[in-house]
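Here is a short report on one molecular structure. It goes through backbone outliers, core residues, a ligand site and the domains.

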Amino acid sequence: MVGPGLALPDAPEREPEFGHDALVVCDNLVRIYQTESVEVQALQGLDLLVHDGEMLAIVGASGSGKSTLLQVLAGVDAPTAGRASVAGHELVDMSRSERVRYRRHVVGFVRQQSARNLVPYLTASQVVDLPMSIAGTPREERRERTGELLETLGVTHCADRRPQEMSGGEQQRVAIAVALANKPRVLLADEPTGELDSETAQEVFAALRTANQQLGATVVIVTHDAAVSDQVARTVAIRDGRTSSEVLRTGDTAEAPGSAEEYAVMDRAGRVQVPREFREALDLTRRVRLALAGDHVEIRSDRGDRA
Ligand code: ADP
Ligand code: MG
């Protein structure tokens, strides 16, 4: 036991590794797509930390790099540069067999198109059983886990139905069950409500919350719908392949939503993106003046300085 009066020997001053206590670490992640004529920088030095047990939304306009990021975290795509690590697995130099194991056991994935998450000729029970069967889980354990997952996600009544006999919301909830079958640490969902009306979308969000709170998965949801920040405690915005701002919600209760506060993200080099409205309002362009003003930092136009 270490009491308050006990002096520990001085530890050598050493900066802990970036994100050493995070479950998901993206450190200066770069993904460049090379086509015949052009080079697209889908991720441009993206930093992101997600802690164990979080439920996080990533929002951004179409083309901002959201799907690319999820593909990297899913172990489907490899970054061009930078570091990505999930639950202690370094994704950049994973061997092929490690990658198979990683995709099977460490992450679960839910796509936008509910039909593509399922198999047309398999019932909900059969499709949830499939990943466990591939992983070699004993039959009895599989049966039990399948029943449990369908029940927890509110789709027991779909057990013997095929996708075409389910609603879009039911299909997505079964898809979440499939993704969670092998007990992954992280559940990744790419626009999981993109094809659903808002009421059904609520139902799928509730299922994702259940995955997070009752089934213990860390959940990362990607969407172009900024309204999801009402659904989660933390929303990270991506702009041009980088994280640019975060909205944190605090004090939510079952009865009333708490308050939401928006923050800009500062990277490790100290870079902050100033929103376009601010830049335009004050004519901030290539050069600005910075001043430390007691408890805050001022950014001013260099207009008066320009000759
Ligand atoms: P989002 O999911 O936010 O809409 P994406 O990650 O799909 O964005 O795409 C980011 C950028 O990368 C876009 O400009 C897109 O056109 C480009 N991109 C995505 N996938 C590929 C690919 N396989 N080949 C070439 N460019 C791609
Ligand atoms: Mg996308």
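## Asn28 and the model

Asn28 sits in strand E1 (residues 24-34). Helices (H or I, at least four residues) and strands (E, at least two) are DSSP runs, numbered from the N terminus. The structure is a predicted model: local features need pLDDT of at least 70, side-chain atom pairs count only at pLDDT 80 or more, and totals for chains, interfaces and linings use all residues. Residues are numbered from 1 along each chain as its sequence is written, chains are lettered from A and ligands numbered from 1 in the order in which they are written, and side-chain values use heavy atoms, with hydrogens and water left out.

Asn28 has a positive phi near 55° and is not a glycine. Most residues other than glycine have a negative phi. Asn28 is partly exposed, at 45% relative accessible area. The scale runs as follows: buried is under 20% relative accessible area, exposed is over 50%, and partly exposed is in between (1.4 Å probe, protein chains only).

## Lys183

Lys183 also departs from the usual sign: its phi is positive, about 55°, although it is not a glycine. The residue lies in the loop between H6 and strand E7 (186-190). Is Lys183 buried or exposed? Its relative accessibility is 54%, so it counts as exposed.

## Two buried strand residues

Thr218 belongs to strand E8 (residues 218-223). It is buried, with a relative accessible area of 0%. Its side chain reaches the backbone nitrogen of Gly53 at 2.8 Å. That is a polar contact (a pair of N or O atoms within 3.5 Å; within protein, one must be able to donate a hydrogen and the other to accept it, and residues adjacent in sequence count only if both atoms are side-chain atoms). Beyond four places in sequence, the contacts of Thr218 include Leu23, Val50, His51, Arg185 and Asn212. Contact means heavy atoms within 4.5 Å.

Met55 lies in strand E3 (residues 55-59). At 8% relative accessibility, it is buried. Its C-alpha is 4.6 Å from that of Val219, 164 residues away along the chain. Beyond four places in sequence, Met55 is in contact with Phe205, Leu208, Ile221 and Val232, among others.

## The ligand site

Which residues surround ligand 1? They are Tyr33, Thr35, Val40, Ala42, Ala61, Ser62, Gly63, Ser64, Gly65, Lys66, Ser67 and Thr68. Each has a heavy atom within 4 Å of the ligand. By class, the shell has 4 nonpolar, 7 polar and 1 charged residues. Here Ala, Val, Leu, Ile, Met, Phe, Trp, Tyr, Cys and Pro count as nonpolar, Asp, Glu, Lys and Arg as charged, and the others, Gly among them, as polar. Strand E2 (39-50) and helix H1 (66-73) each supply at least two shell residues. H1 gives the largest share, 3 residues.

Oxygen atoms of ligand 1 lie 3.2 Å from a polar backbone atom of Ser64 and 3.1 Å from one of Gly65. A polar side-chain atom of Ser67 is 2.9 Å from a ligand oxygen. The protein covers 62% of the 560 Å² of accessible area that ligand 1 has on its own (Shrake-Rupley method, 1.4 Å probe).

## Helix H4 and the domains

Helix H4 (residues 124-134) has these buried residues: Ala124, Val127, Val128, Asp129, Pro131 and Met132. Their cover includes helix H5 (139-152) and helix H6 (168-180). Gly136 follows H4, with a positive phi near 80°.

The protein is divided into domain 1 (24-264) and domain 2 (278-307). These bounds come from an automatic or database domain assignment. The C-alpha centres of the two domains lie 40 Å apart.
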